[in-house]
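Please open the model in your viewer and keep the sequence panel visible. The tour below proceeds from one selection to the next and states what is to be found at each stop.

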Amino acid sequence: MNEDKNYNMPWLCDKCKRELVLKKVKVRYLEGNFEVDLPKCPECNMVFIDEEMAVGKMLEVEKELEGK
Ligand SMILES: [Zn+2]
């Protein structure tokens with residue numbers, strides 16, 4: 001009923017229905033390496049990339065190993 005509820009809704013992983021958490025992820029983008037905060041599923045480690053960033057570009061996300 002409330003339109004702006006969408007706005008606050010946390011992203012969910014399609015597969016696990018878990019709330020995504022923001023994680024620093026290394027991405028390779030146009031020959032450069034960046035660290036960006038991306039929503040990530042704590043269950044399956046799937047990283048969700050902003051459409052704007054991903055559209056028409058080759059964007060590789062390197063899985064970061066947990067635990068140092
Ligand atoms: Zn998941």
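Begin by selecting K17, which lies in the loop between helix 1 and strand 1. Helices (H or I, at least four residues) and strands (E, at least two) are DSSP runs, numbered from the N terminus. Before proceeding, please note that this is a predicted model, in which local features need pLDDT of at least 70, side-chain atom pairs count only at pLDDT 80 or more, and totals for chains, interfaces and linings use all residues. Residues are numbered from 1 along each chain as its sequence is written.

Is K17 buried or exposed? A residue is buried if 20 or more other C-beta atoms lie within 10 Å of its own, exposed if 12 or fewer, and partly exposed in between, with C-beta atoms placed from the backbone. K17 counts as exposed because it has 9 C-beta neighbours inside 10 Å. Examine its backbone as well: K17 is not a glycine, yet it has a positive phi of about 60 degrees. Most residues other than glycine have a negative phi. Now add C41 to the selection; its C-alpha atom and that of K17 are separated by 9.0 Å, although the two residues are 24 apart along the chain.

Remain in the loop between helix 1 and strand 1 and select D14. D14 is exposed, since 11 other C-beta atoms lie within 10 Å. A distance drawn from the C-alpha atom of D14 to that of M46 reads 9.8 Å, for residues 32 apart along the chain.

The next stop is W11, in the loop between helix 1 (5-8) and strand 1 (21-29). W11 counts as partly exposed because it has 14 C-beta neighbours inside 10 Å. Which residues does W11 touch, not counting those up to four places away in sequence? They are L20, P39 and F48, where contact requires the C-beta atoms of two residues, placed from the backbone, to lie within 7 Å. The C-alpha atoms of W11 and P39 are separated by 7.8 Å, with their positions 28 residues apart along the chain counted as the separation.

Follow that contact to F48, in the loop between strand 2 and helix 2. F48 is partly exposed, as 17 other C-beta atoms lie within 10 Å. Leaving aside neighbours within four places in sequence, F48 is in contact with W11, L20, L38 and P39. From C-alpha to C-alpha, F48 and W11 are 9.3 Å apart in space and 37 residues apart in sequence.

In the loop between strand 2 and helix 2 (51-54), select N45. N45 is partly exposed, with 13 other C-beta atoms within 10 Å. N45 is not a glycine, but it has a positive phi of about 65 degrees.

Turn now to the strands. Strand 1 and strand 2 (residues 32-40) run antiparallel and are joined by nine bridges; two strands pair if DSSP finds at least two bridges between them. Select K23 to locate its bridge partner in strand 2, L38. In the hairpin of these strands, which has two residues between them, L30 takes a positive phi near 50 degrees.

Finally, display the whole chain. It has two helices and three strands, arranged along the sequence as α-β-β-α-β. Buried residues make up 4% of the 68 residues. Of the contacts in the chain with a separation of 6 or more, 38% are between residues 24 or more positions apart.

Colour the chain by pLDDT, the predictor's confidence in each residue, from 0 to 100. The mean is 72, and 57% of the residues reach 70 or more. Among the elements, strand 2 has the highest mean pLDDT (84) and helix 1 the lowest (51). Where pLDDT is low, the predicted coordinates should not be read in detail.
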